[in-house]
Amino acid sequence: MTDRPSRDSYHMSTDDFRRHGYEVIDWVADYLDTVTDQPIMPSIEPGAIREMIPTTAPEQPEPFGNILGDLDRVVMPGITHWQSPGWFAYFPANTSPPSILGELVAAGLGVQGMLWSTSPAATEVEEAVADWLVDLLGLPPGWKTTGPGGGVIQMSASDSTHTALVVARERARGSADDMVVYASEQAHSSIEKGARVAGYGHVRLIPVDDRYAMRPDAFEEAVEADIAAGLTPVAVVSAIGTTATTAVDPVRTIGEIARFHGLWHHVDAAYAGTAMVCEEFRHFQDGLELVDSYTFNPHKWMFTNFDCSLFYVADRAPLIESLSILPPYLRNEASASGQVIDYRDWHVPLGRRFRALKLWFVLRSYGAEGIRHHVREHVALARSLADRITAHPMLEPVAPVPFGLVSFRHVGGNDPTRSLAGAINASGWAYVTPSTIDDMAFIRVSIGQTNTTAVEVDRLWNLIEEELSEVAGST
Ligand SMILES: *Cc1c(COP(=O)(O)O)cnc(C)c1O
């Protein structure tokens, strides 16, 4: 006996797709309407979600209603609510309705935009939004694709930084074992990881000043010591907004030292890059004309859902030289004409999805004005929280507040700081990140979730005050 298919086609009809599509949009809209009321962290044991999922894939097709039902039954109990307005942890990973719709259309079109010719619009919309952002963020005009440079969307800032370090390595002479990458002690772990993956022999983490910014004198000394030791300084990564405290490295001075010694200068503005849509923050990026590459993540604070990381180069020639490989099956007239961008040469993967669409939707739906409005609102909320912290006798800030992150501690030291963070997180509706620098415990409150307003920040402050007075009352 042979297995006969029970029907001719197993595809979902477009009529059913339409029906279920409306249901799914309703489901997501309901989620966004009610996420405020959810405890942010799921309270489940490891393995609990897997236990609800059969160990084998279904042999028979299942009705879509069952699948959608299992979102509520199986998935939701294990979801951490990053879209809750009480989300103050890490940095935000925002989404927004226009972003979700752009993502949906990208999935619907299902194009693979590795080459211009494999879907010209995927490339040209991406070029256009990357160029728009050069103006919107006050980046050097030469970084536009119409100039010598250009921008490309990558999966993450880690990928962008890794790519920059590969190009820097290719441009340098000698053995990678002798090559050195520099970044501050407060730099994101992706710099060390990118350097390791790119094969660098050495990473030097440079000491920081009392505001957690890289000390350029220490950077220059390290470069000179490495040269004297026969090593090859190749690249330096400056941060505009470190992860721990949003410290800003002195980009211009680092750039001057990098130029003098022939180093590639990459800037990591993963989180804070979005703030530059407002002119009043642009002094923090002074010196970008001394930068070779730059990354920032619309998928953090620009209301665009993961993944969407912009990577810019001041000159695209070394990037393309480093990453271009042309097998015969990818040869085509448009590429040979030199008139088009083939983004596959701008990052490690070959294939690429149409990520520019959601960013295009967001930039048009909010307008620059809308993004500025919400960024300014978040930063003002952060400053008002910082003022209340500074004025409170039992609390102290541990770093300046240039953007939307407030870092503070309990004056009593590490133990009361950790219990305060624990108490905030135990509230269920708010979530902060307990962290440490050297041996100092502190609390990070990142204000930037799409829907965070004064309501949540006031509620957080009341919670903090209550906790402090309870602890004071009980001793
Ligand atoms: C978040 C962050 C990163 C990492 O971003 P991914 O896109 O997740 O790789 C890198 N650098 C800084 C400063 C960050 O804040």
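Where in the chain is the place of Ser 84?

1. **Ser 84.** The structure is a predicted model. In it, Ser 84 sits in the loop between α3 (64-75) and α4 (97-109). Its relative accessible area is 1%, so Ser 84 counts as buried, the cut-off being under 20%. Leaving aside residues up to four places away in sequence, Ser 84 touches Val 35, Thr 36, Ile 40, Trp 429 and Gln 449.

2. **Tyr 90.** The loop between α3 and α4 also holds Tyr 90. Tyr 90 is not a glycine, yet its phi is positive, at about 40°. Most residues other than glycine have a negative phi. Tyr 90 has 46% relative accessibility and is therefore classed as partly exposed, since that class lies between 20% and 50%.

3. **Domains.** How many domains does the assignment give? There are three entries: domain 1 covers 1-75, domain 2 covers 101-362, and domain 3 covers 368-473. Between the C-alpha centres of domain 1 and domain 2 the separation is 37 Å.

4. **Ligand shell.** The ligand has 13 residues around it. Those that come nearest are Ala 157, Ser 158, Asp 268, Asn 297 and Lys 300. By class, the shell holds three nonpolar, eight polar and two charged residues. Two helices, α6 (157-171) and α10 (298-301), each contribute at least two residues to this shell.

5. **Polar contacts to the ligand.** Which ligand atom lies 2.5 Å from a polar side-chain atom of Ser 158? The partner is an oxygen atom of the ligand. Asp 268 places a polar side-chain atom 2.6 Å from a ligand nitrogen atom. For His 299, a polar side-chain atom is 3.2 Å from an oxygen atom of the ligand. On its own, the ligand has 390 Å² of accessible area, and the protein covers 87% of that.

6. **Loop after α10.** Two backbone features deserve a look here. Phe 303 lies in the loop between α10 and β7 (309-313). Its phi is near 65°, which is positive, and Phe 303 is a residue other than glycine. Is Phe 303 buried or exposed? Phe 303 is buried, because its relative accessible area is 0% and the limit for that class is under 20%.

7. **Cis peptide.** Asp 307 is found in the loop between α10 and β7 as well. The peptide bond leading from Phe 306 to Asp 307 is cis, and its omega is near 5°. Most peptide bonds are trans.

8. **Ala 195.** Helix α7 (residues 189-197) contains Ala 195. With a relative accessible area of 1%, Ala 195 falls under 20% and so is buried. What does Ala 195 touch, not counting residues up to four places away in sequence? The contacts are Leu 165, Val 181, Tyr 200 and Val 203. Met 179 is 16 residues from Ala 195 along the chain, and their C-alpha atoms are 9.8 Å apart.

9. **Points to recheck.** For backbone geometry, look at the positive phi of Tyr 90, the positive phi of Phe 303 and the cis bond from Phe 306 to Asp 307. For the ligand site, look at the side-chain contacts of Ser 158, Asp 268 and His 299.

How values were computed:
Residues are numbered from 1 along each chain as its sequence is written. This is a predicted model: local features need pLDDT of at least 70, side-chain atom pairs count only at pLDDT 80 or more; totals for chains, interfaces and linings use all residues. Side-chain values use heavy atoms; hydrogens and water are left out. Domain bounds come from an automatic or database domain assignment. A residue is near a molecule or strand if one of its heavy atoms lies within 4 Å of it. A polar contact is a pair of N or O atoms within 3.5 Å; within protein, one must be able to donate a hydrogen and the other to accept it, and residues adjacent in sequence count only if both atoms are side-chain atoms. Accessible areas come from the Shrake-Rupley method with a 1.4 Å probe; for residues, only the protein chains shown count as cover. Helices (H or I, at least four residues) and strands (E, at least two) are DSSP runs, numbered from the N terminus. Ala, Val, Leu, Ile, Met, Phe, Trp, Tyr, Cys and Pro count as nonpolar, Asp, Glu, Lys and Arg as charged, and the others, Gly among them, as polar. Buried means under 20% relative accessible area, exposed over 50%, partly exposed in between (1.4 Å probe, protein chains only). Contact means heavy atoms within 4.5 Å.
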